[in-house]
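Thanks for coming, everyone. I have one structure to walk through today. Please take a look at it before I start.

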Amino acid sequence: LHLLSRRQRQMCIRDRAYYAFDSEPDLNSTVYEQPISMPVGYHRLNVILVAANGKTSKMTAMEYYLQY
């Protein structure tokens, strides 16, 4: 599952990506540093990118349903 574009993934190397499930992420959300453990069920994964200069991207969202 690639939620971010190639350019966004490259930006993550220098900058930070923050994510949250079922809510809007902010600077207090989880920082993307490793593969994300996806909770089972219907959820919405929301991601923002924050540049070193503090500029924040628009939120990117992906809805999914995961069942085991």
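I'll go through the sheet, then the core, the aromatic rings, and finally two residues worth a closer look.

One caution before the details. This is a predicted model.

Start with the sheet. Four strands form it, and it is open. The order is 2-1-3-4, and the pairing is antiparallel. So what stands at the edges? Strand 2 and strand 4 do. Each has a single partner strand, so one side of each is left without a neighbour in the sheet.

Now the pairings of strand 1. Strand 1 covers residues 16-21, and strand 3 covers residues 41-50. They run antiparallel, joined over six bridges. For one of the residue pairs, look at Arg16: its bridge partner in strand 3 is Val50. On to strand 2, which is residues 30-31. Two bridges join strand 2 to strand 1, again in the antiparallel sense. Here Tyr19 has Thr30 in strand 2 as its bridge partner.

Keep Tyr19 in mind, as we meet this residue again in the core. The largest nonpolar core has five residues. Which ones? Ala17, Tyr19, Leu45, Val47 and Leu49. Strand 1 and strand 3 each supply at least two of them. Strand 3 gives the most, with three residues. A general point on strands helps in reading that list. In a regular strand, side chains alternate between the two faces of the sheet.

Next, the aromatics. How many aromatic pairs does a search of the whole structure find? Two. In one of them, Tyr19 and Phe21 meet edge-to-face. Their centres are 6.0 Å apart, with 85° between the planes. Tyr19 is at 14% relative accessibility, so it counts as buried. Phe21 is at 23%, so it counts as partly exposed. The cut-off for buried is under 20%.

Phe21 also pairs with Tyr64. Those ring centres are 6.5 Å apart and the planes sit at 75°, so this pair is edge-to-face too. Where do the two partners lie? Phe21 is in strand 1, and Tyr64 is in strand 4, residues 60-66. So the pair ties together parts that are 43 residues apart in sequence. Tyr64 is buried, with a relative accessible area of 12%. Put together, Tyr19, Phe21 and Tyr64 form one aromatic cluster.

Now the two residues I promised. The one to begin with is Asn46, in strand 3. Is Asn46 buried or exposed? Buried, because its relative accessibility is 2%. What does the side chain of Asn46 reach? The backbone oxygen of Ser23, at 2.7 Å. Leave aside the neighbours within four places in sequence, and Asn46 still has a list of contacts. Among them are Tyr18, Tyr19 and Ala20. Also on the list are Asp22, Ser23, Glu24 and Pro25. Met59, Thr60 and Ala61 are contacts as well.

That brings up Asp22, one of the contacts of Asn46. Asp22 is found in the loop between strand 1 and strand 2. Its phi is positive, about 65°, although Asp22 is not a glycine. Asp22 has a relative accessible area of 47%, so it is partly exposed.

To recap: an open sheet of four strands in the order 2-1-3-4, a five-residue nonpolar core, and one aromatic cluster of Tyr19, Phe21 and Tyr64. And there is Asn46, buried, with its side chain reaching the backbone oxygen of Ser23. Thanks for listening.

Conventions. Residues numbered from 1 in each chain as written. Predicted model: local features only at pLDDT ≥ 70, side-chain atom pairs only at ≥ 80, totals over all residues. Heavy atoms only, no water. Pairing = 2+ DSSP bridges. Buried < 20%, exposed > 50% of the residue type's maximum accessible area, 1.4 Å probe, protein only. Polar contact = N/O pair within 3.5 Å; in protein donor to acceptor, adjacent residues only side chain to side chain. Contact = heavy atoms within 4.5 Å. Phe/Tyr/Trp six-rings, centres within 6.5 Å; stacked < 30°, edge-to-face > 60°. Core = buried A, V, L, I, M, F, W, Y, C linked by side-chain atoms within 4.5 Å.
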